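I opened this one to look at its inside first and its backbone afterwards. My notes follow in the order I looked things up.

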Amino acid sequence: MACPYFDPGERLPGSSGSLGDLYTGLCRAEDGCARQPDDRTVADRCNLGYARGHCAHFPGNGAADSVRFSVSKHEPAAIRILYSMECDHRPLANGALDYSVPAGAFRGPVPEGSLERLATAYVRSYLRRIAR
């Protein structure tokens with residue numbers, strides 16, 4: 001799981017997390033404005049989700065507070081990613097995203113920029129792990 005407002009940046013070497021790896025990154029919880037959280041917040045909240053009540057920048061509305069990803073199908077040219085957005089540990093929204101391996105990008109509609117950035121980080125971590 002990851003915070004839906006997290007914009008992952010660089011992968012932290014030798015680490016594993018809910019996106020497959022832990023990432024540095026930016027917080028976009030306040031009106032989409034990018035801010036740099038401290039290292040502990042990035043590790044404990046941004047990468048792991050469920051920041052509501054623990055992060056001063058997290059919105060107080062009923063928005064999603066975590067996003068989960070999983071690979072449902074992997075073919076040589078395409079990977080299907082399932083996602084589930086949660087609010088207070090309960091399902092809020094879900095869907096599927098199709099990733100073109102040759103193009104290195106998602107095909108078809110991808111909801112909201114933040115979800116695409118999180119899913120891209122997840123796919124890159126997945127591809128890196130299976131390439132070992």
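**Entry 1: the cavity lining.** I should say at once that I'm working on a predicted model. I started with what surrounds the largest cavity, and sorted by class its lining comes out as 7 nonpolar residues, 1 polar and 1 charged. I then pulled the names: Cys 3, Cys 27, Ala 29, Thr 41, Arg 45, Cys 46, Ala 51, Cys 55 and Phe 58. Helix α1, residues 39–46, gives the largest share of that lining, with 3 residues.

**Entry 2: how much space.** I asked how many cavities of 30 Å³ or more the structure holds. The count came back as 1. For the largest cavity I noted a volume of about 50 Å³.

**Entry 3: the cysteines.** Cys 3, Cys 27, Cys 46 and Cys 55 are among the lining residues, so I went looking for bonds between sulfurs, because a disulfide is a covalent bond between the sulfur atoms of two cysteines. My search over the whole structure turned up 0 disulfides.

Why is Cys 3 without a bond to Cys 46? The closest cysteine sulfur to that of Cys 3 is the one in Cys 46, and at 6.1 Å it is too far for a bond. The cut-off I need here is 2.5 Å between the two sulfur atoms. I repeated the check for Cys 27, which is in no disulfide either: its nearest cysteine sulfur belongs to Cys 55 and sits 5.2 Å away.

Next I wanted to know whether these two are buried or exposed. Cys 3 has a relative accessible area of 6%, so I put it down as buried. Cys 27 is at 7% relative accessibility, and I put it down as buried too. The line for that label is under 20%.

**Entry 4: positive phi.** I moved to the backbone and looked for residues other than glycine with a positive phi. Tyr 50 turned up, with phi near 55 degrees. I found Tyr 50 in the loop between α1 and β3, the strand at 66–74. Its relative accessible area is 15%, so Tyr 50 goes down as buried.

His 89 turned up as well: not a glycine, yet its phi is positive at about 70 degrees. Where does His 89 lie? I placed it in the loop between β4 (78–87) and β5 (90–100). With 58% relative accessibility, His 89 counts as exposed. So my two entries on phi part ways on burial: Tyr 50 is buried, whereas His 89 is exposed.

Notes: Residues numbered from 1 in each chain as written. Predicted model: local features only at pLDDT ≥ 70, side-chain atom pairs only at ≥ 80, totals over all residues. Heavy atoms only, no water. 1 Å grid on protein atoms, 1.4 Å probe; cavity = no way out; pocket = protein on both sides within 12 Å on 5 of 7 lines; lining within 4 Å. Points joined across faces, edges and corners; volume = space filled by probe spheres on them. Helix = DSSP H or I, 4+ residues; strand = E, 2+ residues; numbered from the N terminus. Nonpolar A, V, L, I, M, F, W, Y, C, P; charged D, E, K, R; others polar. Buried < 20%, exposed > 50% of the residue type's maximum accessible area, 1.4 Å probe, protein only.
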